[in-house]
Each structure stands twice: as structure tokens, then as C-alpha cells.
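Visitor: I should like to go through a structure with you, one question at a time. Please show the sequence and the coordinates before we begin.

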Amino acid sequence: MKRKLLITCMFFLIGALGFSQVKFEAEASRKKLGINERLRIDFTMNEDGDNFKPPQFKNFQVVGGPNQSISYSYMNGQKTYQKKYSYFLKPYSRGTFQIGQAEITVDGEVYKTTPLKVEVVAAVDKPTDGNNAALTAAENIHLVAEVSNTNPYLNEGITVQYKLYVSPRINVTNWRPIDNPKFTNFWSQNIDIQQLNVKNGTYKGEPYRYVTLRKTVLYPQKTGELTVEPLTLSVAVDVPTDRRDIFGRRLYETVDKTIAANNRTINVKELPTQGKPANFTGAVGDFNFEVNVNKTNLKASESLQAEVKVSGNGNLKLFSLPKLETPASLEVYEPEHIEKVSTNLGGMRGSTLDTYTIIPQSKGKYPISGLSFSYFDPNAKTYKTLSSQEILLEVEAAPGSAGNQVITTTSSAKQPVVAKAEQFRYIKLEPNLKPAGKHKFFKSTLYWTGLTLPLLLIPIVVFKGNKQREKAGDVEGKRIKRANKLAKKYLSKAKNALGDKNAFYVALEKALHNYLRAKLHLQTAEMSKDRIATILKEKNVAQENIEQFISLLQSCELARYAAASSTAMQQDYDKAVNVLAELDKQL
């Protein structure tokens with residue numbers, strides 16, 4: 001009997017010891033605090049539990065948490081486990097308040113903490129934050145948007161740099177953007193940062209490290225007050241704690257912090273109206289202007305290149321260049337627009353230009369009038385106008401032509417067209433007409449012929465129908481026939497000029513342009529390579545055929561300035577035949 005009682009007592013003792021091993025406690029960082037201070041409440045357990053339920057925290061505002069931490073330790077061969085939930089509280093008013101019970105479930109059993117009483121008194125002179133890691137991180141990391149000029153002119157370039165300032169008391173392990181500014185009412189371009197460099201600086205008089213995360217160049221497109229939206233980041237911050245590892249090193253707590261740069265207001269000034277030139281198109285900056293041609297002496301039907309160029313520093317992509325003015329007797333193609341612009345913290349820098357292709361048709365002297373370009377200089381706060389000199393083209397007669405007129409023109413007025421009498425040689429001015437007589441048709445030869453002819457035509461119609469069906473099935477034959485027809489129609493002059501480089505490529509280029517005029521109803525002024533490629537793409541022409549057509553146009557342009565063999569001309573001619581056949585089939 002005694003033995004059974006002893007065994008029973010041992011079981012009860014072991015159960016009681018097992019039960020007493022589970023500890024779930026609440027601890028406040030202080031029992032008394034000022035109304036301007038913060039309180040930390042830790043709920044600690046020595047066994048891993050589930051279904052944690054915090055108290056309501058009446059009379060307090062939760063400003064941080066719950067932050068969860070787990071730690072293990074081994075001492076004298078024994079393992080120790082600790083799991084902690086931490087909250088940071090801000091009191092609403094003065095008074096004595098009770099922190100209610102928290103609950104946790106361990107192995108099916110529910111454990112509760114003991115309520116805590118906290119006294120809140122008047123504000124203190126030097127408040128503390130209750131050792132809140134989240135608040136520590138917030139006070140030691142800042143994202144700042146630095147604007148180079150908050151009062152620019154319309155279209156004057158400014159820069160925005162986003163810098164992350166970090167106090168030496170904390171560390172940043174990672175960051176990522178979660179909301180990027182839209183830069184509404186600005187033309188914007190980001191500047192690539194190849195490598196982030198950490199530098200030493202100050203923030204509000206205190207030593208900080210900082211790194212420039214993003215650089216953006218802005219050109220305001222509207223006057224008045226404009227807002228630069230903030231950049232928002234998610235940052236992983238390592239905050240030191242009071243705990244140390246077994247080697248005595250301080251342990252850090254990682255906090256995910258969301259920070260945003262402050263909104264910046266830009267007051268954009270209108271450009272002055274006083275002194276604004278009539279030809280001003282919105283250029284703001286510091287520029288140079290020039291108009292050049294690659295040659296001034298050439299032969300009729302030979303092309304030249306004229307270049308209208310603006311270079312310097314400013315809003316190079318945001319204004320239009322002045323149009324080249326030429327006599328109407330010169331054939332001028334739509335200019336090719338080229339931008340060679342780089343963007344850095346100083347804004348856009350480089351050049352923008354329009355390249356015109358000009359072909360004089362007749363011998364003579366042709367003046368190209370000088371152009372003027374106006375821009376606003378924000379440093380000098382005034383408008384400036386630059387002008388180019390007049391260019392005189394001296395055109396000689398084309399080789400092999402005897403009847404070229406000599407034309408000297410000083411205006412863009414249309415030249416009168418003198419019609420030759422030979423143009424009407426095909427019109428018969430004195431026809432030999434005879435009055436129609438009355439003839440008996442019934443039972444005449446014509447009557448019997450018309451009656452029997454349809455019967456005789458039936459075998460012929462059947463025979464021709466069979467032949468047409470055979471031709472319809474001959475796809476390759478049709479393709480060759482179509483190509484030959486197009487070549488004969490558009491490329492005959494080029495074929496006749498094979499061996500004469502200048503004449504051949506001028507004729508080939510005209511043939512290609514004439515084909516586009518016929519098929520797409522394009523005018524000469526619209527025939528830039530980019531425009532042609534865009535229209536053909538809209539017409540669902542295969543990209544391969546578009547590239548072949550554009551390459552032919554480029555060959556025509558380049559061949560005028562480089563040697564070309566008869567073999568190369570023949571290859572270009574054959575290529576043109578095939579390209580026109582493919583385009584015609586698809587269009």
C-alpha cells in the first residue's frame with residue numbers, strides 16, 4: 001500500500017514539475033512614465049506556443065509591434081528556449097491604467113499573463129522611447145529629395161537627386177522602391193547610376209553616411225506651382241539591442257521600415273514676353289546654330305546634302321528646327337531628323353539636326369536663303385537670335401543633255417513651264433470625216449457574220465479558258481511576269497543607264513519614289529526613310545521587304561559619294577525588281 005502511494009506521489013510530482021516548466025509572463029519597461037514617453041511591453045514564454053492573443057491596450061496607442069524574437073541558449077548542457085512578443089505604447093492621457101492579460105496555447109493548455117499596472121504622469125523634460133527598434137530606425141534614417149533649382153523658367157532643366165542618409169548608430173542591409181514618382185507636367189529622364197558610393201556628410205548638423213540612389217533630369221512643361229512626388233522605399237534596417245551573444249558581441253534587430261522623400265514644390269516662371277522673337281519655338285538653354293551643305297558646285301540631277309544643326313546645352317529634344325527655304329525649282333526631300341543628345345546632371349547636351357537631300361533639275365545658280373534661330377538664355381535672362389549666311393549653288397548642265405535651260409533665281413516663285421509644239425503632235429487637227437450612209441442590215445453580210453460568229457467562238461473560248469486555268473496555277477510564272485511589268489514601268493530609265501553610276505542611281509531613286517507615289521499617294525516632301533518604313537508597316541508589308549526597300553534608298557544615297565562597279569549596279573537593279581514585285585503583291 002505504501003509502495004502504491006509512493007508511486008502515485010511521484011507521478012503527481014513529475015506532472016507538477018512539467019506543468020511548472022511552462023512560463024508565460026508580461027513585463028513592462030517601466031511602471032511610471034511621462035505622457036510624452038513610450039512604454040514597451042514584452043510577453044515572454046519559455047515554450048513554443050500557438051494562438052497568441054494580446055490584450056486590448058485600453059488608454060494606449062500602439063505605435064510599434066508586435067515584434068517577435070526567438071532565442072536559444074545552452075548552459076551546463078541544458079537547452080533554454082525563449083520566445084517574445086513586444087509592443088510599444090503611447091499613452092493618451094495621465095492616470096493609472098491596467099494592461100490586461102495576454103493568452104497563449106501550449107500543448108492544448110491555455111496560459112495567461114498577470115495584469116500590469118502603469119502610472120502615467122505629466123510630461124518629462126527628456127523623454128525616452130522605451131527602447132523601440134522601429135522608432136530608433138525612424139529617427140536614424142532619412143530619404144531626402146534635393147532639387148537643383150526650385151524656381152526655374154519654363155523648359156529650363158533642373159535635377160532631382162534622392163539621397164538616403166543613415167546614422168552611424170544603425171545599418172542598412174537592403175532597400176527596394178515601392179512607389180516611384182510620376183513627374184506629372186515634366187519631361188523627365190533618369191540618369192543611370194552604375195555603382196552606389198557611400199559618402200560621409202551631415203544631416204541637420206549631425207554626422208551621417210549617405211548614398212545617392214537616383215538622379216533625374218526634369219524640364220517643366222507648365223508654369224506655376226508644380227509638385228515633385230516623393231520616392232517611397234522599403235528599407236531593411238539593423239538596430240542594435242541590449243542583448244549580446246556568447247562572445248559578448250551586441251545583437252541587432254532587423255526592422256522593415258517604409259520611408260518616403262518629402263514633397264517638393266517647384267515654382268515655374270513664364271518666359272518673358274518682352275523681346276520674344278517671332279520665330280521662337282521654345283528653345284531654352286545655351287546653343288550654337290549653323291547651316292551647311294556638302295558642296296556648292298554640282299551638275300544637274302546630282303544630289304547634295306544640306307544640314308540645319310543646333311548644338312549646345314538645353315532642351316534639345318523639345319523644340320523644332322527652322323525649315324530650310326529653297327527655290328521652287330529645286331527638288332527637296334523631307335529632311336532626316338537626327339538627335340545626338342546625352343543627358344547628365346547638367347541637362348541635355350549634344351546636337352539635333354535636319355539633313356535635307358536636294359536635287360537641282362536644271363543648270364543655273366540657286367541661292368539658299370539664310371536662316372535664323374532664336375532661343376532663351378536663362379542665365380542671361382534674355383532672348384538671343386543666331387543667323388546663317390546665304391548659300392549659293394552653282395549647277396552645271398548634266399552630262400549628255402543639250403537642252404538645259406540656264407536659270408538664275410532669287411526667289412521661291414514657281415518657274416513658268418514653256419510648252420513645246422511637239423507635245424501636241426499626236427492630235428490630228430484636220431480629220432477626214434465622211435457622213436454615215438444608210439445601209440440595209442437584215443440578211444446582209446454583217447448580219448450573217450454576227451449570227452454565226454458566236455458559234456465559231458465557242459471552241460476558242462474553251463481553249464483560252466483552259467490556258468488561263470493553267471496560268472492561274474503557275475504562281476512562279478505570275479510572279480516573274482509581274483516583276484517584269486513593274487520593272488518595265490518604273491525601272492526602264494535605270495536599266496538604260498547601267499554603267500553610268502550617277503545617272504543610274506538618280507534614275508533608280510526616282511523609280512522607287514515614283515512607285516511609292518503611285519501605290520501610296522505620297523508626295524516628295526513625305527519621303528523620308530522613317531516615314532516610308534512607318535507607312536509600309538501600317539500597310540502590313542513584311543519587315544524583310546521594308547528593310548530591303550530602305551537599303552535600296554540608302555544605296556542610292558551612298559553611291560553618289562563612292563565608287564560603284566557595273567556588277568554592283570546590276571545587283572542593285574535586280575534587287576529593285578524583286579523588291580517592287582514583293583511590295584506590289586503585298587500592297
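Visitor: Does D377 count as buried or exposed, and at what relative accessibility?

Guide: This is a predicted model, in which local features need pLDDT of at least 70, side-chain atom pairs count only at pLDDT 80 or more, and totals for chains, interfaces and linings use all residues. Residues are numbered from 1 along each chain as its sequence is written, and side-chain values use heavy atoms, with hydrogens and water left out. Buried means under 20% relative accessible area, exposed over 50%, and partly exposed in between, with a 1.4 Å probe and protein chains only. D377 therefore counts as buried, at 6% relative accessibility.

Visitor: With which residue does D377 meet in a salt bridge?

Guide: A salt bridge requires a side-chain nitrogen of Lys or Arg within 4 Å of a carboxyl oxygen of Asp or Glu. The partner counts as partly exposed, at 32% relative accessibility. The N to O distance is 3.1 Å, and the residue is K384.

Visitor: How many salt bridges does a search of the whole structure find?

Guide: Among them is the pair K295 and E302, at 2.6 Å from N to O. In that pair K295 is buried at 18%, whereas E302 is partly exposed at 22%. The search of the whole structure finds seven.

Visitor: How far apart are the closest N and O atoms of E146 and K163?

Guide: E146 is partly exposed, with a relative accessible area of 27%, while K163 is buried at 11%. The closest N and O atoms of their salt bridge are separated by 3.0 Å.

Visitor: How many residues apart are E146 and K163 in the chain?

Guide: Strands here are DSSP runs of E with at least two residues, numbered from the N terminus. E146 belongs to strand 11 (residues 141-147) and K163 to strand 12 (residues 158-166). The salt bridge thus links distant parts of the chain, and the separation is 17 residues.

Visitor: In what order do the three strands of the open sheet lie?

Guide: Two strands pair if DSSP finds at least two bridges between them. The pairing in this sheet is mixed, and the order is 2-10-7. Strand 2 (32-34) and strand 7 (95-99) each pair on one side only, so the edge strands are 2 and 7.

Visitor: Which residue of strand 10 stands opposite L33?

Guide: Strand 2 and strand 10 (residues 116-121) run parallel and are joined by three bridges. The residue of strand 10 that stands opposite L33 is V120.

Terms used: Helix = DSSP H or I, 4+ residues; strand = E, 2+ residues; numbered from the N terminus.
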